[in-house]
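Reader: I am new to this structure and would like a close look at one part of it, the largest pocket. Could you take me through what lines it and how the surrounding elements are arranged?

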Amino acid sequence: MLKTIVKSFDQLNTTELYDLLQLRSEVFVVEQDCVYQDIDGKDKKALHVLGYNGTRLVAYTRLFSPGDYFEEASIGRVVVSENDRKFRFGYYIMNASIEAVKSYYKTSEIKISAQTYLKRFYNNLQFFEVGEEYLEDGIPHIAMLYKNE
């Protein structure tokens, strides 16, 4: 089972910040071989959803209120450590993130920019494609919307 915690940027301690940046770097920069500016100045506006397996951070997302990133609320930087994906922690962290959006932002309209190969994963969570595929940091993406009361 994944234990999740939601914190604003100012509530993160240095260990939590270090761990989430390390996890994002491990997956998005090293594993996906994508050189991009992960520390983009947006973390200060976001809510951070940290997913722990015991004491290890194994999953993470960041959330934005409507208007901060997209017109709708949004979930981004969805990441699960490679060795822990077999435990379906992606579903746990996304469900916790959806609930956090509903609780903190009082909306169930959520837009994401999903890596195209993960469409089925997000479809299973009630996100559906809108628009055409596009490249983001050299990786095919598609916009997806969640609307579920």
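Author: In this predicted model, the largest pocket has a volume of about 800 Å³. Its lining is made up of 36 residues, and those that lie nearest the centre of the pocket are Phe28, Val78, Gln115, Leu118 and Tyr122. Sorted by character, the lining residues comprise 20 that are nonpolar, seven that are polar and nine that are charged.

Several elements share in this lining, each supplying at least two residues: the helices H1 (14-31), H2 (89-105) and H3 (119-124), together with the strands E3 (56-64), E4 (73-80), E5 (109-115) and E7 (139-147). Of the contributors, E4 gives the most, with seven residues.

The strands named here belong to an open sheet of seven strands, which has mixed pairing and runs in the order E1-E2-E3-E4-E5-E7-E6. Its edge strands, each pairing on one side only, are E1 (3-8) and E6 (127-136), and the twist from one strand to the next averages 25°. Within the sheet, E3 pairs with strand E2 (residues 47-53) in the antiparallel sense, over seven bridges, and glycine 51 stands opposite alanine 59 in E3.

Two of the helices that help to line the pocket also pack on this sheet. H1 touches E1, E2, E3 and E4, and its direction makes about 90° with that of E3, whereas H2 touches E1, E2, E3, E4, E5, E6 and E7, with its direction at about 35° to that of E3.

Methods. Residues numbered from 1 in each chain as written. Predicted model: local features only at pLDDT ≥ 70, side-chain atom pairs only at ≥ 80, totals over all residues. Heavy atoms only, no water. 1 Å grid on protein atoms, 1.4 Å probe; cavity = no way out; pocket = protein on both sides within 12 Å on 5 of 7 lines; lining within 4 Å. Points joined across faces, edges and corners; volume = space filled by probe spheres on them. Helix = DSSP H or I, 4+ residues; strand = E, 2+ residues; numbered from the N terminus. Nonpolar A, V, L, I, M, F, W, Y, C, P; charged D, E, K, R; others polar. Pairing = 2+ DSSP bridges. Axes fitted to C-alpha atoms, helices over the stretch in contact; angles between N-to-C directions. Contact = heavy atoms within 4.5 Å.
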